Amino acid sequence: MHMADALLSPAVGGAMLAAAAGSIAYCSAKVRKEVDDRKVPLMGVLGAFLFAAQMINFTIPATGSSGHLGGGLLLTILLGPYAAFLTIASVLVVQALFFADGGLLALGCNIINLGIFPAFIAYPFIYRPIAGLNPSTARTVAASLAAGVAGLQLGAFAVVLETTLSGISALPFTAFVSMMQPIHLGIGIVEGIVTALIVGFVHKARPDIFTNNDHSSASIMKSIIPGFLALALITGGFVSWFASQQPDGLEWSINKVTGKEELAGSKDGIHGALSGIQEKLAFLPDYNFKKPEVKNRGEQEPQANDGKKGGNRLGTSLSGIVGALITLGLAVLVGLILRKRQEKAAMKPHAHEHAHPHGHGHEHPHRHGDQIHSHEHFHEHSHPHPHVHDHSAPHPEDPNPRHSHEVRVAEHSHDHPDHEHESHEHKH
Amino acid sequence: MSSIDGAILDFKRLDLLAFGDTALHRLDARAKVIVTALFVMLVVSHDRYQLAALFPFVIFPVALIAAGNLPFTYIARKILLLCPFVIVVGIFNPLIDRAILLHLGPFAISGGWLSFFSILTRSILTVGSAFTLLALTGFPAVCRALEQLGMPRPFAIQLLFLYRYIFVLTEEGGRAARARQLRSCGKKGMGIRSFGTLIGNLLLRTWQRAERVHIAMLSRGFDGRFHSGRETKFGRNELVFICGWSIFLLLLRFVDLSQLIGSIFLGRLP
């Protein structure tokens, strides 16, 4: 249920990004104030754990399909809301960059949807009251189930709101809601059960882990939620006033549902009901929708007045399509020229390792062993393609004169025990 | 569990691309982050029915991929594994929005199809720019850039710690998952109960690892700072990069290049 850039308008995406940034700043300050510096590595390693755990599937009983852990609730139970929120957000940043899960603008939405709800609503208001301080198994299961379901329902609802407000998708609000909520009810139940199983397991082995995460719900209510709301509203207003070029998506989708006869047709009653609810839910009534004609005044005007309604808001006509294909061709041409230049530059002696652009990077992790790889990599000392270097002189531009030595060391140290690698980060 | 191993390798390959040594790689990360952010904002700021005007924006990822010596087919393949959510939501547009907005000779194209393809194009552009940013910059450098641009220090440290241990823990998780799969015949044993124990064990080992890391940190005097080999400064190149691309992209946003070139080509100058 990752939100995606392609479905977002700048106003919604920007407002959510600002809200997420504000929450991160607030939680960072909170975590910094907690003097417990054990949490620094713990949060990092648990984030990596969450990342790994999300890759492992299990079969869901009675359905035959497979699912994976979401983990927001689990992290909050382990770390407390503030640290957990930062950890979840960091995992989402990595996913946005490496898997393009959603994209960069949607990151704000995803951090709010998947971070705020489990950490600041489901955990303090549902999990803690049900589970209490020293929960029995039954209580843990009940609390995780309720909190898991609540967190995912809220998250799914937020996705629907963000999508509808952006107005890029034509899905009407109610149809989308009635699609998303039941799906996420199932996902929430599974998430709750899995979380309860893991928490139960860890509770038996290391009860000490669960001791000091006491954050009363009252302090959260007082501190973060009003600030978060205010920030979202202010930036939402500001961004839409300032940057919005296409703000009329919601209006359009309402018009589509209410105004078009060929659509209403036989399903008149349903659509009438839908639009009624939709208008009630459109809680920004005087959101300043610009008329679409305004924006293309100027050089587009002569093209657009070929009589077709909406022709100017489209900017799409035969000439537009021909032009699009030509620009696409131009882009490819520019790419080819740049690549040629790049290859020519690569033939020069000081950069000869780039003469074979494809493939080497891929072989690298196999060759040196993966633990080593991640270690080298973190310091950015070692050379990217060591096996192409047949001279031992350091790279003229390499900031680290020892890099060729590093490579040799790396090749001989396949089986360092784990903790030795961990300690490397403090050496340099 | 070939899928997990495959995912880890894929992840590493993308990560290794950042070790390239082109002019774009050497550019300060802040410049690349700023231009990419502007690019995404401008792409998503288009009207929902806008399709042709989005095409010229392809030049940004294509030029960066070419000049940055990135493997084009690899990145294209990654982009085409589009976020399934986008397609699932987008495919409803043609079903719901059936008003005809465009006639091309005998073909009548509905607004829904236009906006569906617009969503796909947006997705390709935004996802593509995110991949190129990462492949040209590398995750630690992006983090540092964000920190220099105002991201709070604890969150930057969190990101760097996470990045450091992702490789370690995904491999550990992959090994555990493979072991479970080898021991379970087909579907049996892949259920929720064994998963809970598996993840619980992984969690306990992770926790112990964090405790060891903490001791190692203390004994070496960790000062809340990660050091990196490649230091970059914000200089003239960065300024030229930012200004050049910003002006060009803004121009593309406000002048529909497709329309313009198309009308010149078809001899119907405005």
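**Exercise 1. Locate B:Asn69 and decide: is B:Asn69 buried or exposed?**

Solution.
- Start with the position. In this predicted model, B:Asn69 sits in a loop of chain B, between helix H4 (59-67) and helix H5 (72-80).
- Next, take the backbone. The phi of B:Asn69 is near 60 degrees, which is positive, and the residue is not glycine.
- Set that against the general rule. Most residues other than glycine have a negative phi.
- Now count neighbours. The cut-off for buried is 20 or more other C-beta atoms within 10 Å.
- B:Asn69 has 25 C-beta neighbours inside 10 Å, so B:Asn69 counts as buried.

**Exercise 2. Describe helix H8 of chain B: what is its reach, and how many of its residues are buried?**

Solution.
- Fix the bounds. H8(B) runs over residues 111-137 and has 27 residues.
- Check the span. From first C-alpha to last, H8(B) reaches 38 Å, close to the 39 Å expected at 1.5 Å a residue.
- Check the cover. Of the 27 residues in H8(B), 24 are buried, and the helix is mostly covered.
- Look just past the end. There B:Gly138 takes a positive phi of about 90 degrees.

**Exercise 3. Take the two domains of chain B. Which helix gives the most to the side of domain 1 that touches domain 2?**

Solution.
- Split the chain. Domain 1 of chain B covers 1-151 + 230-258, and domain 2 covers 152-226.
- Place them. Their C-alpha centres lie 31 Å apart.
- Count the contact. Domain 1 of chain B puts in 10 residues, and domain 2 of chain B puts in 13.
- Find the elements on the domain 1 side. Helix H1 (2-16) and helix H9 (139-148) of chain B each supply at least two residues.
- Rank them. H9(B) gives the most, with 5 residues.
- Sort by class. The domain 1 side has 8 nonpolar residues, 2 charged and no polar ones.

**Exercise 4. Assess chain A: what is its average pLDDT, and where does pLDDT stay under 50?**

Solution.
- Take the average. Chain A has a mean pLDDT of 67, and 54% of the residues score at least 70.
- Mark one stretch. Over residues 241-316 of chain A, pLDDT stays under 50; the model has 96 contacts there beyond four places in sequence.
- Mark another. Residues 351-428 of chain A are also below 50, with 93 contacts beyond near neighbours in sequence.
- Add the fold summary. Chain A has 19 helices and 2 strands.
- Add burial. Of its 428 residues, 46% count as buried.
- Finish with contact range. Among contacts in chain A with a separation of 6 or more, 73% join residues 24 or more positions apart.

Definitions and conventions: Residues numbered from 1 in each chain as written. Chains lettered and ligands numbered in written order. Predicted model: local features only at pLDDT ≥ 70, side-chain atom pairs only at ≥ 80, totals over all residues. Helix = DSSP H or I, 4+ residues; strand = E, 2+ residues; numbered from the N terminus. Buried ≥ 20, exposed ≤ 12 C-beta atoms within 10 Å, placed from the backbone. Contact = placed C-beta atoms within 7 Å. Expected span 1.5 Å × (residues − 1). pLDDT = per-residue confidence, 0-100. Domains from an automatic or database assignment. Nonpolar A, V, L, I, M, F, W, Y, C, P; charged D, E, K, R; others polar.
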